[in-house]
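Hi,

Here is the structure I promised to pass on. Have a look at it first, and then read on for my notes.

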Amino acid sequence: MLDHIFLTVSDLGRSTAFYQAALAPLGVADRLDYDGRDGPPSHPDLKGLGAGGRMFLWLRAGEAEGRAVHVGFVARSREEVEAAYDAALAAGAVSDCAPGPRVHYDPRYYAANVLDPDGHSLEFVFKSWQHAR
């Protein structure tokens, strides 16, 4: 299980605003700014995003290499997949695959894919079997 990821972005302000808007439908609403001077030598400044007090996505400024990363975000329903996809497009993403079933993985796999402003591949995914109680 992953605890966090650092994602290098070319414009920290733009990407922070983008991810806040795109991930809000998934319940990602917490923000934390980390001053790199508080860490070990040459630690970058970070913009943290998360939920429930846990930051799991950290953005750092640098030379972004689009498509070098694919990040899948959990959605709790098909509606959340669609809402995140729409929010991402409204915030400046480019569609990489509209919401729909991904039967090549599993008939119950429902997802949408976008490219963020730096070209990083993002997926909003609902896997019904992972939410069954």
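How many bridges join strand 1 to strand 4, and do these strands run parallel or antiparallel? There are five bridges between them, and strand 1 and strand 4 run parallel. One bridge pair you can look up is T8, whose partner in strand 4 is R60. Before going further, please keep in mind that this is a predicted model.

That pair of strands belongs to an open sheet of four strands, in the order 1-4-3-2, with mixed pairing. Strand 1 (5-9) and strand 2 (30-34) are at the edges with a single partner strand each, so each has one side without a neighbour in the sheet. From one strand to the next, the twist averages 25°. As general background, the strands of a sheet pair through backbone hydrogen bonds, either parallel or antiparallel.

Now for the antiparallel part. Strand 3 (residues 46-51) and strand 4 (residues 54-61) run antiparallel and are joined by five bridges. Going along strand 3, you'll find K47 opposite L59 of strand 4 and G48 opposite W58 of strand 4. Strand 3 and strand 4 make a hairpin with two residues between them, and G52 in the turn has a positive phi of about 60°. Strand 2 and strand 3 are also antiparallel, again with five bridges; here D30 has G50 in strand 3 as its bridge partner.

What lies across these strands? Helix 1 (residues 12-23) does: it lies across strand 1, strand 2, strand 3 and strand 4, and runs at about 150° to strand 4.

One residue to click on here is R31, which lies in strand 2. R31 is partly exposed, with a relative accessible area of 32%. Setting aside neighbours within four places in sequence, R31 is in contact with T16, Q20, K47, G48, L49 and M55. R31 and W58 are 27 residues apart in sequence, and their C-alpha atoms are 9.7 Å apart in space.

The other residue I'd like you to see is E123, found in strand 8 (residues 121-127). Is E123 buried or exposed? E123 is buried, yet has no salt bridge. The nearest side chain of opposite charge is R102, 5.1 Å away; a salt bridge has to be within 4 Å, so this pair does not count as one. What the side chain of E123 does make is a polar contact with the side chain of Y109, at 2.9 Å. Leaving out neighbours within four places in sequence, the contacts of E123 are H70, V71, G72, F73, Y109, A111, A112 and N113.

That's everything from me for now.

Cheers

Note on methods:
Residues are numbered from 1 along each chain as its sequence is written. This is a predicted model: local features need pLDDT of at least 70, side-chain atom pairs count only at pLDDT 80 or more; totals for chains, interfaces and linings use all residues. Side-chain values use heavy atoms; hydrogens and water are left out. Buried means under 20% relative accessible area, exposed over 50%, partly exposed in between (1.4 Å probe, protein chains only). Lys and Arg count as positive and Asp and Glu as negative; His and the chain ends are not counted. A polar contact is a pair of N or O atoms within 3.5 Å; within protein, one must be able to donate a hydrogen and the other to accept it, and residues adjacent in sequence count only if both atoms are side-chain atoms. Contact means heavy atoms within 4.5 Å. Two strands pair if DSSP finds at least two bridges between them. Axes are lines fitted to C-alpha atoms, for helices over the stretch in contact, and angles run from 0 to 180 degrees between N-to-C directions.
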